[in-house]
Amino acid sequence: MSVSGGNTVRGWMNAMLLSAIDAAMHRIYGTRKRELFADLPATVVELGPGVGANLSYYKPGMKLVAFEPGSAVHGQLTRRAARCGIDLELRGIAAEALDCETASVDVVISTLVLCSVRDPSHVLRQVRRVLRPEGRFLFIEHVAAPAGSALRAVQNLVHGPWHWCFEGCNTNRDTAATLERAGFASLEIERFRVGSPLVPVAPHIAGVAVR
Ligand SMILES: C[S@@+](CC[C@H](N)C(=O)[O-])C[C@H]1O[C@@H](n2cnc3c(N)ncnc32)[C@H](O)[C@@H]1O
């Protein structure tokens, strides 16, 4: 996807946007993140951490192995990790190429990333592969509205320009269905809405998939 180089004007614009909306992200997702990220192990893998919106929910001293192909966010991510006392190991490659050893990871985290990866089924296969038995995949994602709904029509309408502007982000991706097909031993999904019912990225899911 276009994010892979990360040096495009759009890459820098999106990095600036992620910084600009950081406070809003904490207001919107803070309570869920505190619940979801309670009880993390000493080392976690995160897909597409961007400028590090999740870092303040991690305990200082933790190690974060970050798979972030967008080089425009690397500087901010690195600085924020230092401020939060997180031991960051930054790998500038896409989640599709997750190169951790099989069954070696306790927790993988993804927030607002499966909308943008090129092949979400492949990414989830990789996540299952690297998780230890009983390892957890923790996620918060915006998703497709129900098929046939007015909002789904809006999502389909804006899909093209949105996908271009936001470096491959899909407004109408049914990530819950992809998770259900991914073969996890258990899957808890909570559905919730962010903002007005006609905002293309209003419908969300959050939850835990166990390997
Ligand atoms: C909307 S931002 C979300 C950033 C952060 N996770 C958050 O919650 O604020 C999407 C992020 O996913 C990254 N991304 C896009 N495609 C990716 C891929 N194939 N693998 C890993 N990260 C990817 C982008 O570079 C960007 O940082």
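The following exchange concerns a predicted model of a protein with a bound ligand.

Biologist: Which residues around the ligand are the closest, and how many surround the ligand?

Modeller: The closest residues are Gly48, Glu68, Ala95, Glu96 and Thr111. They belong to a shell that divides into 12 nonpolar, five polar and two charged residues, and the number of residues surrounding the ligand is 19.

Biologist: What distance separates the polar side-chain atom of Thr111 from an oxygen atom of the ligand?

Modeller: On the backbone side, a ligand nitrogen is placed 2.7 Å from a polar atom of Gly48, and a ligand nitrogen is also found 2.8 Å from a polar backbone atom of Ala95. For Thr111, the contact involves a polar side-chain atom and a ligand oxygen, and their separation is 2.6 Å.

Biologist: How much of the ligand's accessible area does the protein cover?

Modeller: On its own, the ligand has 590 Å² of accessible area. Of this area, the share covered by the protein is 89%.

Biologist: Is Ala209, in strand E7, buried or exposed?

Modeller: Ala209 belongs to strand E7, which spans residues 203-210. Its relative accessibility is 0%, and because buried means under 20%, Ala209 counts as buried.

Biologist: Which residues form a nonpolar patch on the surface together with Leu18?

Modeller: Leu18 sits in helix H1, residues 9-20, and is partly exposed because its relative accessible area of 30% lies between the cut-offs of 20% and 50%. The patch that includes Leu18 has about 190 Å² of accessible area in total, and the residues that join Leu18 there are Leu17 and Ile21.

Conventions
Residues are numbered from 1 along each chain as its sequence is written. This is a predicted model: local features need pLDDT of at least 70, side-chain atom pairs count only at pLDDT 80 or more; totals for chains, interfaces and linings use all residues. Side-chain values use heavy atoms; hydrogens and water are left out. Patches are made of residues with over 30% relative accessible area and no salt bridge: like charges are joined within 9 Å, nonpolar side chains (Val, Leu, Ile, Met, Phe, Trp, Tyr) within 5 Å. Accessible areas come from the Shrake-Rupley method with a 1.4 Å probe; for residues, only the protein chains shown count as cover. A salt bridge is a side-chain nitrogen of Lys or Arg within 4 Å of a carboxyl oxygen of Asp or Glu. Helices (H or I, at least four residues) and strands (E, at least two) are DSSP runs, numbered from the N terminus. Buried means under 20% relative accessible area, exposed over 50%, partly exposed in between (1.4 Å probe, protein chains only). A residue is near a molecule or strand if one of its heavy atoms lies within 4 Å of it. A polar contact is a pair of N or O atoms within 3.5 Å; within protein, one must be able to donate a hydrogen and the other to accept it, and residues adjacent in sequence count only if both atoms are side-chain atoms. Ala, Val, Leu, Ile, Met, Phe, Trp, Tyr, Cys and Pro count as nonpolar, Asp, Glu, Lys and Arg as charged, and the others, Gly among them, as polar.
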